[in-house]
Amino acid sequence: MSSDDLNDKPWSGRFDEPTDKFVEKFTASIGFDHRLYPYDIEGSRAHALTLAKSGIITDAECKLIINGLNEILQDIERDKLTWSVALEDIHMNIEARLIERIGETGKKLHTGRSRNDQVATDMRLYLRAEIDLVLQEIRRLQLALLRLAEQEAETIMPGFTHLQVAQPVTFGHHMMAWFEMLDRDYDRISQCRKRVNVMPLGSAALAGTSYTLDRSFTARLLGFERPSNNSLDAVSDRDFIIEFCSAAALVLMHLSRFSEELVLWTSAQFDFIDLPDRFCTGSSIMPQKKNPDVPELVRGKTGRTLGNFIALFTIMKSQPLAYNKDNQEDKEPLFDSVDTVKDALRAFADMLSAVKVKRDNMLAAAKKGFATATDLADYLVRRGVPFRDAHEIVGKAVKSAIEANKDLEELELTQLQALSTKIEGDVYNVLELQGSVGSRNLLGGTAPAQVNHQIAAARKRLGIK
Ligand code: ARG
């Protein structure tokens, strides 16, 4: 192998034969890790500055390296650079280009550094940037939910348990339930960001380096909160990735539940909402069809995010310290989870901003299924009937209503009074849906007044007017 061949391995010194072509492909990560290029270059620039600060390279050499890296960045962005599988990964590809471009000085960049601390740094820089985008998308979806909740604070719909009509709730309250889930997701991912924001550089291969590098300086340059405490841990830790993927799977799990409701609600049987046409597709054979593809796909994509989490967790299980090549397998699952969670959140925020709420249909559905039965029981309790007896009485009332094919409020007063002498004419107030939701007027309850309170508190939390 000639030493000026760009594709020569930087580590070929101790080898007697070239790498098997299949093994070369099998072990390469450039096919997917090339997306780390902005972070690899950013990390290298900071490392060069750190080397110069300690006098390990001169300022002129540092400048040459940084200019060379900037030119490479431009080339990549203009699609002028082709990746080499023989150079295995993004780190060696960029380093080889640098040497090709600026000559001997380029060979000094890797002083006091290993691909092990380099890749760990790249992954942290990448994930930190992506987390900021994910957090933005969560907030955008929360805002769409807030607006919808505000608009529909008084809209009545049936609330379900076991997917059976349970008690009436307001649609605004239902939207705010999704808001809360996303708020927890936001918190979780923000907390994960703190653990992402720690800098491995200076850990080198595993033991640290004999060069005196000012690691706090490098950390500051890269916006990290602090340098890592232990080199062995820093080069092999992927907890931050596992943690993010777990949080991303939770986001998708939440969205899958939401999706399921949207799918149900758009069906002819529920007909609670209409999704904008631009978020649906038709059928090639059934002309009447309008399918809720976006929520279905989001529901389906939950699987891959959970799969990515499990894959990452399993990759790390039982790995001895420190770096092992297993960890190259961290990239595709992480990239996929990042892409999936961002896309799903975006689709939901856009879709919900244009959803049409069919208030009359929801109201009609809430009237079916004896949603105010609990209110009748509570009415009896307020008149001194023990709750268990009240439950029994109302059960009988529901039975007669079913037999007469009527709603509870359609039963004659005499019929109701036959079940309990405590029942008077004012009973119809509690059998009515508005009265029922309005009475759940305590913190966290479904009354419109409480929904508005939740919305105001949420706006304050998010810092929006
Ligand atoms: N491509 C490798 C990875 O993604 C970079 C680190 C390689 N380190 C090594 N000692 N082989 O993990």
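Helices α6 and α7 cross in a left-handed sense. By left-handed I mean that the near helix is turned anticlockwise from the far one by less than a right angle; a clockwise turn would be right-handed. Helices here are DSSP runs of H or I with at least four residues, strands are runs of E with at least two, and both are numbered from the N terminus.

Before I continue, a word on the source. This is a predicted model, in which local features need pLDDT of at least 70 and side-chain atom pairs count only at pLDDT 80 or more, while totals for chains, interfaces and linings use all residues. Residues are numbered from 1 along each chain as its sequence is written, and side-chain values use heavy atoms, with hydrogens and water left out.

Let me return to the first helix pair. Helix α6 covers residues 115–151 and helix α7 residues 171–196; their axes lie 9 Å apart, at an angle of about 165 degrees. The axes are lines fitted to C-alpha atoms, for helices over the stretch in contact, and the angles run from 0 to 180 degrees between N-to-C directions. α6 is therefore roughly antiparallel to α7. That word applies to angles over 145 degrees; under 35 counts as roughly parallel, 65 to 115 as roughly perpendicular, and the rest as oblique. What is the make-up of the contact of α6 with α7 in nonpolar, polar and charged residues? The contact holds 20 nonpolar residues, eight charged and three polar. In this count Ala, Val, Leu, Ile, Met, Phe, Trp, Tyr, Cys and Pro are nonpolar, Asp, Glu, Lys and Arg are charged, and the others, Gly among them, are polar.

Two residues of α6 deserve mention. Gln142 is found in this helix and is buried, with a relative accessible area of 0%. Buried means under 20% relative accessible area, exposed means over 50%, and partly exposed lies in between, using a 1.4 Å probe and protein chains only. Between the C-alpha atoms of Gln142 and Phe370, 228 residues apart along the chain, the separation is 32 Å. Arg115 also lies in α6, and at 24% relative accessibility this residue counts as partly exposed. The C-alpha atoms of Arg115 and Gln417 are 82 Å apart, with their positions 302 residues apart along the chain.

Arg115 brings us to the ligand. Which residues surround the ligand? They are Ser29, Asp89, His91, Arg115, Asn116, Val119, Tyr323, Gln328 and Lys331, each with a heavy atom within 4 Å of the ligand. I also list three polar contacts, that is, pairs of N or O atoms within 3.5 Å; within protein, one atom must be able to donate a hydrogen and the other to accept it, and residues adjacent in sequence count only if both atoms are side-chain atoms. Polar side-chain atoms of Ser29 and Asp89 lie 3.2 Å and 3.0 Å respectively from a nitrogen atom of the ligand. For Lys331, a polar side-chain atom lies 2.6 Å from an oxygen atom of the ligand.

The second helix pair is α11 and α12. Their axes come within 9 Å and cross at roughly 155 degrees, which makes α11 roughly antiparallel to α12. This crossing is left-handed as well. Glu296, in helix α11, is partly exposed at 32% relative accessible area. From Glu296 to Val119, one of the residues surrounding the ligand, the C-alpha distance is 36 Å, across 177 residues in sequence.

The loop between α11 (293–316) and α12 (331–352) contains Ala322. A cis peptide bond, with omega about 0 degrees, joins Leu321 to Ala322. Asn327 lies in that loop between α11 and α12 and is buried, with a relative accessible area of 1%. Asn327 and Arg382 are 64 Å apart, C-alpha to C-alpha, and 55 residues apart in sequence.

Finally, the backbone has two further points of interest. Ala204 has a phi near 55 degrees, a positive value in a residue other than glycine; Asn405 also has a positive phi near 55 degrees. Are these residues buried or exposed? Ala204, in the loop between β3 (198–199) and α8 (215–221), is buried at 8% relative accessibility. Asn405, in the loop between α15 (387–404) and α16 (413–419), is exposed at 70%.
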